[in-house]
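Here are some exercises to work through with the model open beside you. Try each task yourself, then compare your steps with the worked solution.

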Amino acid sequence: FSVVLVMTACGPDPQSSDSTTVSNAITESTKPVSYQDVEWTELMPKEDLEALLQPPEEVMNIPDGSEMDQLSSQMSNAIAQANDSRYQQALSSTNVVEAFNNQHIRIPGFIVPIGFDDKQRTIRFFLVPYFGACIHVPPPPPNQIVYVTAENAVPFGWEPVWLEGVLETKTHMNQLGSAAYTLNLTKM
């Protein structure tokens, strides 16, 4: 007793361009996603970065150790003095780099929790470029804050983290700050 297995294929001729398209689509969908490492300054449009790198003279002339040297005083005085300047605009800019929209990125930063699940675990948070941003010190510009959503709770700590996900140029506002980008988290 023997069994003969005969396999036939239905569909386009294997030599046709349609089968190549199907084959390519299958190959592309099984390729691992690669994430582009992104530095924080890359998220800032060139004109905003240049403005922040050239602060007004009033900001640069604050004497070390003076009352104005305190961070909160320095920021409020600088903002008041440079109210209509390009520097002030850059401090509150929601301008984004559109080339990052819907890109798979990897970025380091610090977590500022803003949303919790029913067990009080972090599921929504801001990712910021330096420790204490939005909590202990004035927030960075919105284009230096990323709003992150996670399907599962993430561990919260004070140490820096690396996040991977799909970045969108989508603004999110919260009482702690505003983010000009949103990241749909895939890996921490």
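What percentage of the 188 residues in the protein is made up of buried residues?

**Exercise 1. Get an overview of the protein.**

Solution. Keep in mind from the start that this is a predicted model.

Step 1: begin with the question above. Buried residues account for 35% of the 188 residues. To count as buried, a residue needs a relative accessible area under 20%.

Step 2: list the secondary structure. You should find five helices and eight strands. Reading from the N terminus, their order is α-β-α-α-α-α-β-β-β-β-β-β-β.

Step 3: look at the surface and the contacts. The accessible surface comes to about 12,000 Å², and 52% of it belongs to carbon and sulfur atoms. Among contacts with a separation of 6 or more, 63% are between residues 24 or more positions apart.

**Exercise 2. Find the salt bridges around R106 and explain what they tie together.**

Solution. Side chains of opposite charge can pair when their charged atoms come close.

Step 1: count. There are five salt bridges in the structure.

Step 2: go to R106 and look for a partner. Its side chain meets that of D37 in a salt bridge, with 3.4 Å from N to O. R106 sits in strand β2 (residues 103-116) and D37 in strand β1 (residues 36-37), so this pair ties together parts that are 69 residues apart in sequence.

Step 3: look for another partner. R106 also forms a salt bridge with E164, where the closest N and O atoms are 3.7 Å apart. Because E164 belongs to strand β5 (residues 161-168) and R106 to strand β2, this bridge ties together parts 58 residues apart in sequence.

Step 4: put the pieces together. D37, R106 and E164 are linked in a network of salt bridges.

Step 5: check how accessible each member is. R106 is partly exposed, at 26% relative accessibility. D37 is partly exposed too, at 44%. E164 has 15% relative accessibility, so it counts as buried.

**Exercise 3. Describe the salt bridge between D48 and R86.**

Solution. Step 1: check the distance. The closest N and O atoms of D48 and R86 are 2.3 Å apart.

Step 2: place both residues. D48 is in helix α2 (residues 46-53) and R86 is in helix α5 (residues 86-91), so the bridge links distant parts of the chain, 38 residues apart.

Step 3: is each partner buried, partly exposed or exposed? D48 is buried, with a relative accessible area of 0%, while R86 is partly exposed at 32%.

**Exercise 4. Work out how strand β3 is surrounded.**

Solution. Step 1: check burial. Six of the seven residues of strand β3 (residues 122-128) are buried, so the strand is largely enclosed by the rest of the structure.

Step 2: find a partner strand. β2 and β3 run antiparallel and are joined by six bridges. As an example, P113 has F125 in β3 as its bridge partner.

Step 3: look at the turn of this hairpin. Five residues lie between strands β2 and β3, and Q120 takes a positive phi near 60°.

Step 4: find another partner strand. Strand β4 (residues 146-154) is antiparallel to β3, with five bridges joining the two. Here L127 has V146 in β4 as its bridge partner.

Step 5: zoom in on one residue, T122, which lies in strand β3. T122 is buried, with a relative accessible area of 4%. Apart from neighbours within four places in sequence, its contacts are P113, G115, F116, N152, A153, V154 and F156.

**Exercise 5. Compare two loop residues, F156 and P45.**

Solution. Step 1: locate F156. You will find F156 in the loop between β4 and β5, and at 36% relative accessibility it counts as partly exposed.

Step 2: look at the surface around it. F131, F156 and W158 make a nonpolar surface patch of about 340 Å².

Step 3: turn to P45, in the loop between β1 and α2. At 7% relative accessibility, P45 counts as buried.

Step 4: ask which residues P45 touches. Leaving out residues up to four places away in sequence, they are N95, V96, V97 and N143. For P45 and N95, the C-alpha atoms are 6.7 Å apart in space, although the residues are 50 apart in sequence.

Definitions and conventions. Residues are numbered from 1 along each chain as its sequence is written. This is a predicted model: local features need pLDDT of at least 70, side-chain atom pairs count only at pLDDT 80 or more; totals for chains, interfaces and linings use all residues. Side-chain values use heavy atoms; hydrogens and water are left out. A salt bridge is a side-chain nitrogen of Lys or Arg within 4 Å of a carboxyl oxygen of Asp or Glu. Helices (H or I, at least four residues) and strands (E, at least two) are DSSP runs, numbered from the N terminus. Buried means under 20% relative accessible area, exposed over 50%, partly exposed in between (1.4 Å probe, protein chains only). Two strands pair if DSSP finds at least two bridges between them. Patches are made of residues with over 30% relative accessible area and no salt bridge: like charges are joined within 9 Å, nonpolar side chains (Val, Leu, Ile, Met, Phe, Trp, Tyr) within 5 Å. Accessible areas come from the Shrake-Rupley method with a 1.4 Å probe; for residues, only the protein chains shown count as cover. Contact means heavy atoms within 4.5 Å.
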